Amino acid sequence: PLVLGIETSCDETGIGIVRGRTLLSNTIASSMDEHARYGGVIPEVAARAHLEALQPSIEAALAEAQVQLDDLDAIAVTSGPGLAGALMVGVGAAKGLAVSLGKPLYAVNHLVGHIAADIVTPDSDPLEYPTIALLVSGGHTSLLHVRDLTTDVELLGETMDDAAGEAFDKVARLLSLPYPGGPEIDRAAADGDPKAIRFPRGLSKAPDMEKHRYDFSFSGLKTAVARWVERCEASGEQVPVADVAASFREAVVDVLVTKALAACADLGVPRLLLGGGVIANKRLRDVAIERAAAAGVTVRIPPLSLCTDNGAMIAALAAELISSGRRPSTLAFGADSTLPVTEIQIAESPME
Ligand code: ATP
Ligand code: MG
Ligand code: FE
């Protein structure tokens, strides 16, 4: 099926077009520049930016895919999780398109969309099941057991406080680096010693590991960095930014990879899929690939344009749902900012 996907859960306005498992276009407009001066995504600003970007983005995606609106078999949209106002703009646009064109509409889960990104990755082998997926971004840090993309996605664990990308952003601020902090910390860490400071690995010790084996916590790490910086400043020393950045990054990467591979080992799943904007971190990719190889686990990483929020992954998920015989969503759905990952599609229409 030829599907156009709309993604507006955070700061990216993503429009993607797929034909089955073939990616035709993936247009991404970000309002990050507008949020940068506030040091975080401002929901109202994001919502208005989506409204402005949607029409031109849809036109650009259609032009690049060389298809017309009338050619489409279906429209797909992220209904959650994400920022309520931002989601609402995309949901409204998708409903408007579907109704005016008389096309079926699929309301799908953003997190499961991140997994579907793998399916439209050009020149990749088909995704095999089951697979463990680690999704790390500014808004989520989730470990999933994927038995089937369209029917069976289980949440193994998630962050109890900050998301991994959020931790990068907050620690960057502590080090007086600009927002978004991920790329800044990465740059600063290049000249640092990752072993200089032993920062804590959240929820990794014995009692926590029993209850929170697959959960993450980054707030203790952030506090540890804050204390370290304060101690330097109090004693009049210069903060060794490169060493702090490298040691912090190592702590995040270590705990992400350790827990993901623990899930692979426990569940006997020799496959790990990575997704989310934090995958831009090369150290994370390198450590994951190296340690996975040692553990006999195959790692899959879509290209960055499919790892950060995008519309192609939403279209891809809907295309899979259509191919597996799922009916479209009714119009009786809205934005659901806390949609659980088990709800792969919402408001599927009843059988006739
Ligand atoms: P969502 O959580 O809904 O997927 P988001 O917009 O918060 O959306 P992304 O756009 O996928 O998330 O990713 C942005 C996050 O990734 C930011 O927190 C940013 O700091 C982080 N990030 C970007 N590049 C890097 C990097 N090289 N290293 C670490 N973190 C990075
Ligand atoms: Mg983003
Ligand atoms: Fe996302």
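In strand β5, Leu105, Ala107 and Asn109 point one way while Tyr106 and Val108 point the other way, and all of them are buried. That makes a handy way into this structure, which is a predicted model. Strand β5 covers residues 105-109 and is mostly covered, with five of its five residues buried. In a regular strand, side chains alternate between the two faces of the sheet.

The sheet around β5 comes next. Six strands make up an open sheet with mixed pairing, in the order β3-β2-β1-β4-β5-β11. At its edges stand β3 (22-30) and β11 (345-346), each with a single partner strand, so one side of each is left without a neighbour in the sheet. Strand β4 (residues 74-80) runs parallel to β5, and five bridges join the two. One of the residues involved is Val77, whose bridge partner in β5 is Ala107. Over at β3, the neighbouring strand β2 (residues 12-19) runs antiparallel to it, and eight bridges join this pair. Here Glu12 has Ser30 of β3 as its bridge partner.

Now for the nonpolar interior. In soluble globular proteins, nonpolar side chains tend to be buried together. The largest nonpolar core in the model has 108 residues, and the ones with the most contacts inside it are Ala76, Ala315, Ala316 and Ala318. Helix α9 (residues 241-267) gives the most to this core, contributing 14 residues. Residues up to four places away in sequence aside, Ala76 touches Val3, Gly5, Ile6, Tyr106, Val108, Ile314, Ala315, Leu317 and Ala318. Among these contacts of Ala76 are Tyr106 and Val108, which point the same way from β5.

Which helix is largely enclosed by the rest of the structure? It is α5, because nine of its eleven residues are buried. The buried ones are Ala164, Gly165, Glu166, Ala167, Phe168, Asp169, Lys170, Val171 and Ala172. Their cover includes β6, β7, α6, α8 (219-234) and α9. After α5 comes Ser176, whose phi is positive, near 60°.

Helix α5 also turns up around the ligand. Ligand 1 is surrounded by 24 residues, of which the closest are Gly138, Gly139, Gly165, Gly182 and Gly277. Both α5 (164-174) and α6 (181-189) supply at least two residues each to this shell. By type, the shell around ligand 1 divides into 13 polar, six nonpolar and five charged residues.

An unreviewed UniProt entry annotates a "binding site" at Leu135, Val136, Ser137, Gly138, Gly139, Asp169, Gly182, Asp186 and Asn281. Two of these are worth a look. Ser137 is found in the loop between β6 (131-136) and β7 (141-148), and it counts as buried because 25 C-beta neighbours lie inside 10 Å. Its contacts, neighbours within four places in sequence left aside, are Ala163, Gly165, Gly276, Gly277 and Val278. Two of those, Gly165 and Gly277, are also among the residues closest to ligand 1. Asp186, by contrast, lies in helix α6 and counts as partly exposed, since Asp186 has 19 C-beta neighbours inside 10 Å, where 20 or more would make a residue buried.

The unreviewed UniProt entry also lists His110, His114 and Asp309 under "binding site". Although these span 200 residues in sequence, no two of their C-alpha atoms are more than 8.6 Å apart, so they gather at one spot. His114 is found in helix α4 (residues 110-116) and is buried, with 33 other C-beta atoms within 10 Å. Not counting residues up to four places away in sequence, His114 touches Leu135, Gly275, Gly276 and Met313. One of these, Leu135, is also covered by the other "binding site" annotation, and another, Gly276, is in contact with Ser137 as well.

Asp309 is found in the loop between α11 (304-307) and α12 (312-323). Like His114, Asp309 is buried, in this case with 28 C-beta neighbours inside 10 Å. Aside from neighbours within four places in sequence, Asp309 is in contact with Glu7, Ser9, Cys10, Glu12 and Gly14. Among these contacts is Glu12, the residue that pairs with Ser30 in β3.

Conventions. Residues numbered from 1 in each chain as written. Chains lettered and ligands numbered in written order. Predicted model: local features only at pLDDT ≥ 70, side-chain atom pairs only at ≥ 80, totals over all residues. Near = placed C-beta within 6 Å. Helix = DSSP H or I, 4+ residues; strand = E, 2+ residues; numbered from the N terminus. Nonpolar A, V, L, I, M, F, W, Y, C, P; charged D, E, K, R; others polar. UniProt positions renumbered as here; feature names shortened; annotations may be inferred. Buried ≥ 20, exposed ≤ 12 C-beta atoms within 10 Å, placed from the backbone. Contact = placed C-beta atoms within 7 Å. Core = buried A, V, L, I, M, F, W, Y, C linked by C-beta atoms within 7 Å. Pairing = 2+ DSSP bridges.
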